[in-house]
Amino acid sequence: HFRAVIFDLDGVITDTARYHHRAWKRLADELNIDFDEAFAENLKGIDRRASLQMILDRGNVAVDGAEFEHLCEMKNDWYRELIGSMTRDDLLPGAFEALKAVRNAGLRIGLASVSRNAPTILERLGITDMFDTVVDAGLLKRGKPDPEIFLKAAADLGVDPEDCLGVEDAASGVAAIKAAGMAALGIGNPSVLGQADAVISGLDDFILDEYLFEAPIEQAS
Ligand code: G16
Ligand code: MG
């Protein structure tokens, strides 16, 4: 039986993935760097600086340290503008119900988002209190697909990684969950989340009992 569920934020609980996409696209356009859907998919779950580096590499653009920081700030300002008007209505379908189901079952809940804006977003969504721990992205040494963030969440919760279910929409995030030794529930397209033990299209299809009691997911590699 799982004792904790550790959720990603962007693309799982709320659709900020499209805001990140929009802000990065705007930056790429200004730099005249080509930015398509497939590339945006690869950026999901990747932290801010690593994302910018991937965009610059794609355009063969080199910048100095000060310009790099400036570009990061520009993207974040645009992103913060987009999330500024978020409300409870921006919870994805089934997200609130899934969090409640996990709580009611007596399991602990963690948030593993590499976004430094995660606390702001949780406040806007009105769900800060539902989490027993929110990993501070500012303290991480390595981003997803490194398991650090999921291991940190499990340690905060006092639960062994093998007793945790991780929930992710990004390939990098699923890889991080598996590297942490946890079971991975993918949200989205099975073709990009091949490493997950199970994939559902959204949290509106989240049925905790299935993972808890039938647990085919626990037996997967
Ligand atoms: C999220 C997004 C990424 C974003 C990262 C950093 O990760 O998926 O696209 O680059 O956060 O966000 P920020 O610039 O707000 O610090 P996660 O882990 O929530 O999927
Ligand atoms: Mg995500």
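## Helix H3

Right after H3 comes Asn-60, with a positive phi near 55° (helices are DSSP runs of H or I, at least four residues, and strands are runs of E, at least two, numbered from the N terminus). This is a predicted model, where local features need pLDDT of at least 70, side-chain atom pairs count only at pLDDT 80 or more, and totals for chains, interfaces and linings use all residues. Residues are numbered from 1 along each chain as its sequence is written, while chains are lettered from A and ligands numbered from 1 in the order written.

H3 itself spans residues 48-58, and Arg-48, Ser-51, Leu-52 and Ile-55 in it are buried (20 or more other C-beta atoms within 10 Å of a residue's own, all placed from the backbone; 12 or fewer is exposed, in between partly exposed). Down the H3 axis, these buried residues fall within an arc of 95° (directions from axis to C-beta atoms), so they line one face of the helix. Their cover includes H1 (17-30), H2 (37-43) and H4 (65-83).

## Around ligand 1

Ligand 1 has 20 residues around it (C-beta within 6 Å), and Asp-10, Arg-48, Ser-113, Ser-115 and Arg-116 come nearest. H1 and H3 are the elements giving two or more residues to this shell.

## The cores

The largest nonpolar core (buried Ala, Val, Leu, Ile, Met, Phe, Trp, Tyr and Cys joined through C-beta atoms within 7 Å) holds 53 residues; Ala-4, Val-5, Ile-6, Phe-150, Ala-154 and Leu-165 touch the most other members. H7 gives this core its largest share, six residues.

Beyond four places in sequence, Val-5 is in contact (C-beta atoms within 7 Å) with Val-102, Leu-107, Ile-109, Leu-165 and Val-167. Another core, of 10 residues, lies apart from the largest one and includes Tyr-19, Leu-27, Leu-43 and Tyr-79.

Technical notes: Two residues are in contact if their C-beta atoms, placed from the backbone, lie within 7 Å.
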